[in-house]
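Subject: Structure handover

Hello,

Here is the structure we talked about. Please open it alongside this note.

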Amino acid sequence: MRPTEDLEAEHRGIERMLAILDTISGRLEAGQAVDTGHLDQILEFIQVFADRCHHAKEEDLLFVAMRPAGVPTEGGPIGAMLADHQEGRRHVRGMAEGLEAYRRNEEGAGRRIAEHARGYAALLREHIVKEDRVLYPLADRILTQEQQHALEEGFETIERDVVGEGRHEAFHRMLDELEGVYLGRG
């Protein structure tokens with residue numbers, strides 16, 4: 001499997017979480033209670049799986065490998081992806097702050113979580129399309145077999161040392177459970 005195929009597979013998991021976020025946002029906007037344990041799980045997924053795993057693979061490895069082939073960090077597709085990552089992190093901070101306010105039963109906290117969740121979901125959906133259709137095909141064209149192999153090894157190191165053994169699989173089980181609760185799947 002090419003490194004970009006690994007990243008695309010991770011996108012499918014992130015898209016599953018975005019669908020769950022959509023349902024939760026609707027409930028919060030309607031004033032319905034949402035299990036804070038589920039919100040904790042969602043934030044952990046986003047912070048660990050999407051950011052410290054997926055985005056780290058891109059920022060620390062893929063983008064770095066693409067620079068010597070002439071793809072600039074400033075501007076262009078990499079610059080756009082980095083800007084999206086920063087905007088996504090801003091929304092995640094907003095969700096986390098909203099969750100703390102939600103735990104304290106503060107007025108409007110649920111709507112605040114939903115606002116950031118919807119912003120995050122919209123951003124990530126567009127971001128994923130840009131990566132799947134533009135950035136990853138570009139990487140596949142310009143990276144050598146040696147660079148691809150080095151990326152594979154680097155990705156494995158992130159999975160093992162940053163995310164932790166078995167966490168990737170545990171996140172997918174969590175997605176299955178949350179889809180059952182919020183999307184009626186399972």
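Below is what was found in the model, taken topic by topic.

A caution before the details. This is a predicted model.

Helix α1

Helix α1 covers residues 3-29. Its 27 residues should span 39 Å at 1.5 Å a residue, and the end C-alpha atoms lie 38 Å apart, so the two values agree. Just after α1 comes Gly-31, with a positive phi of about 80°. Gly-31 also turns up in the lining of the largest pocket, covered further down.

Salt bridges

The count is 21 salt bridges. Three of them are described here.

Start with Asp-6 and Lys-57. They form a salt bridge, and the closest N and O atoms are 3.2 Å apart. Asp-6 sits in helix α1 and Lys-57 in helix α2 (residues 36-66), so the pair ties together parts that are 51 residues apart in sequence.

Lys-57 has a second partner, Glu-10. Their side chains meet in a salt bridge at 2.4 Å, N to O. Again the link runs between helices: Lys-57 is in α2 and Glu-10 in α1, so this pair joins parts 47 residues apart in sequence.

Are these two residues buried or exposed? Lys-57 has 0% relative accessibility, so it counts as buried. Glu-10 is buried too, with a relative accessible area of 1%. The cut-off for buried is under 20%.

The third bridge joins Asp-176 and Arg-16, at 2.5 Å from N to O. This pair links distant parts of the chain: Asp-176 is in helix α6 (residues 167-182) and Arg-16 is in helix α1, 160 residues apart. Asp-176 is partly exposed, with a relative accessible area of 43%. Arg-16 counts as partly exposed as well, at 21% relative accessibility.

There is also a network. Asp-6, Glu-10, Lys-57 and Glu-159 are joined into one by salt bridges that share partners.

Aromatic pairs

The count here is 3 aromatic pairs. Phe-45 and Phe-171 make an edge-to-face pair, 5.6 Å centre to centre, with 90° between the planes. Phe-45 lies in helix α2 and Phe-171 in helix α6, so the pair ties together parts that are 126 residues apart in sequence. Both Phe-45 and Phe-171 are buried.

Phe-171 pairs with Phe-49 as well. That pair is edge-to-face, at 6.0 Å centre to centre and 70° between the planes. It links distant parts of the chain too: Phe-49 in helix α2 and Phe-171 in helix α6 are 122 residues apart. Phe-49 is buried, like Phe-171. Phe-45, Phe-49 and Phe-171 form one aromatic cluster.

Cavity

How many cavities of 30 Å³ or more are there? The count comes to 1. The largest cavity holds about 60 Å³ of space. Its lining is made of Leu-21, Leu-39, Ile-42, Leu-43, Met-95, Leu-99 and Ile-113. Helices α2 and α3 (76-103) are the elements that give two or more residues to this lining. The most comes from α2, with 3 residues. By class, the lining has 7 nonpolar, no polar and no charged residues.

Pocket

The largest pocket has about 180 Å³ of space. Its lining includes Leu-28, Gly-31, Gln-32 and Ala-33. Tyr-102 and the residues Asn-105, Glu-106, Glu-107, Gly-108, Ala-109, Gly-110 and Arg-111 also line the pocket. Which element gives the largest share of this lining? Helix α4 (residues 109-142) does, with 3 residues. By class, the lining divides into 4 nonpolar, 5 polar and 3 charged residues.

One more residue in α4

Helix α4 also contains Lys-130. Lys-130 is partly exposed, with a relative accessible area of 31%. The C-alpha atoms of Lys-130 and Ala-80 are separated by 9.3 Å. Along the chain, Lys-130 and Ala-80 are 50 residues apart.

Where to look first

For the charged side chains, begin with Lys-57, which has salt bridges to both Asp-6 and Glu-10. For the aromatic cluster, begin with Phe-171, which pairs with Phe-45 and with Phe-49.

Best wishes

Key: Residues numbered from 1 in each chain as written. Heavy atoms only, no water. 1 Å grid on protein atoms, 1.4 Å probe; cavity = no way out; pocket = protein on both sides within 12 Å on 5 of 7 lines; lining within 4 Å. Points joined across faces, edges and corners; volume = space filled by probe spheres on them. Helix = DSSP H or I, 4+ residues; strand = E, 2+ residues; numbered from the N terminus. Nonpolar A, V, L, I, M, F, W, Y, C, P; charged D, E, K, R; others polar. Expected span 1.5 Å × (residues − 1). Salt bridge = Lys/Arg side-chain N within 4 Å of Asp/Glu carboxyl O. Buried < 20%, exposed > 50% of the residue type's maximum accessible area, 1.4 Å probe, protein only. Phe/Tyr/Trp six-rings, centres within 6.5 Å; stacked < 30°, edge-to-face > 60°.
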